[in-house]
Amino acid sequence: HDVTAARRSRRDVVLDLGARRLLLRGDAGPEVIQGVALVAQHLAAQGRSYAELDARYEGQVVVRRKAG
């Protein structure tokens, strides 16, 4: 993905990927980023869109779908 903007929000990192957003803890390691990439690939393979992937929680990625 192409990062169009990046910012800190308290202890978290917010990455804008065009119309999509990715939320990470500030201390997220490569395994978290790899997990998010796998979720994004899985959604793409299923033809499912999303607005946001939230990886701030231990061991999980929360998918928020686009409204409408």
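## A walk around α1 and its neighbours

Start your tour by selecting P30, E31, Q34, L38, Q41 and A45: these residues of α1 are exposed. Exposed means over 50% relative accessible area, buried means under 20%, and partly exposed is in between (1.4 Å probe, protein chains only). Helices such as α1 (H or I, at least four residues) and strands (E, at least two) are DSSP runs, numbered from the N terminus.

A word on what you are looking at: this is a predicted model, in which local features need pLDDT of at least 70 and side-chain atom pairs count only at pLDDT 80 or more, while totals for chains, interfaces and linings use all residues. Residues are numbered from 1 along each chain as its sequence is written, and side-chain values use heavy atoms, leaving out hydrogens and water.

**Stop 1: the helix**

Now select all of α1, residues 30-45. The helix has 16 residues and spans 22 Å from its first C-alpha to its last, close to the 22 Å expected at 1.5 Å a residue. That expected span is 1.5 Å times one less than the number of residues in the helix.

Which residues of α1 are buried? Pick out V36, A40 and L43. They sit on the same side of α1 because they cover an arc of only 60° around the axis; the arc is that of the directions from the helix axis to the C-beta atoms. The exposed residues from the start of the tour are on the other side of α1.

To see what covers the buried residues, add β3, β4 and β5 (62-64), which are among the covering elements. Then step just past the end of α1 to G47, where phi is positive, at about 70°.

**Stop 2: the core**

Next, select V13, L15, L17, L22, L24, V36, A40, L43, Y50, L53 and A55, the 11 residues of the largest nonpolar core. A nonpolar core is a set of buried Ala, Val, Leu, Ile, Met, Phe, Trp, Tyr and Cys residues joined through side-chain atoms within 4.5 Å. Colour β2 (12-17), β3 (20-25), α1 (30-45) and β4 (52-55) to see the elements that each give two or more residues to this core. In soluble globular proteins, nonpolar side chains tend to be buried together.

Stay with Y50 and add R20. The charged end of R20 sits over the ring of Y50, 4.3 Å from its centre; a charge counts as over a ring if NZ of Lys or CZ of Arg is within 6 Å of the ring centre and within 35 degrees of the ring normal.

**Stop 3: along β1**

Go to T4, in the segment before β1 (5-9). Is T4 buried or exposed? T4 counts as exposed, at 55% relative accessibility. Setting aside residues up to four places away in sequence, T4 touches D16, L17 and G18, where contact means heavy atoms within 4.5 Å. The C-alpha atoms of T4 and D16 are 5.5 Å apart, although 12 residues separate them along the chain.

Move on to A5, which is in strand β1 and is partly exposed at 28%. With the same sequence neighbours left out, A5 touches V14, L15 and D16. Draw a line between the C-alpha atoms of A5 and L15 and you should read 5.9 Å.

R7 is also in strand β1, and its relative accessible area of 39% makes it partly exposed. Beyond residues up to four places away in sequence, R7 touches D12, V13, V14, D16 and R21.

**Stop 4: two loops**

Select R10, in the loop between β1 and β2. R10 has a positive phi near 60° without being a glycine, and it is exposed, with a relative accessible area of 82%.

Finally, visit G26, in the loop between β3 and α1. G26 is partly exposed, at 39% relative accessibility. What does G26 touch, not counting residues up to four places away in sequence? Look for R8, R11, D12 and V13. Last of all, link the C-alpha atoms of G26 and R10: they are separated by 8.8 Å, and the two residues are 16 apart along the chain.
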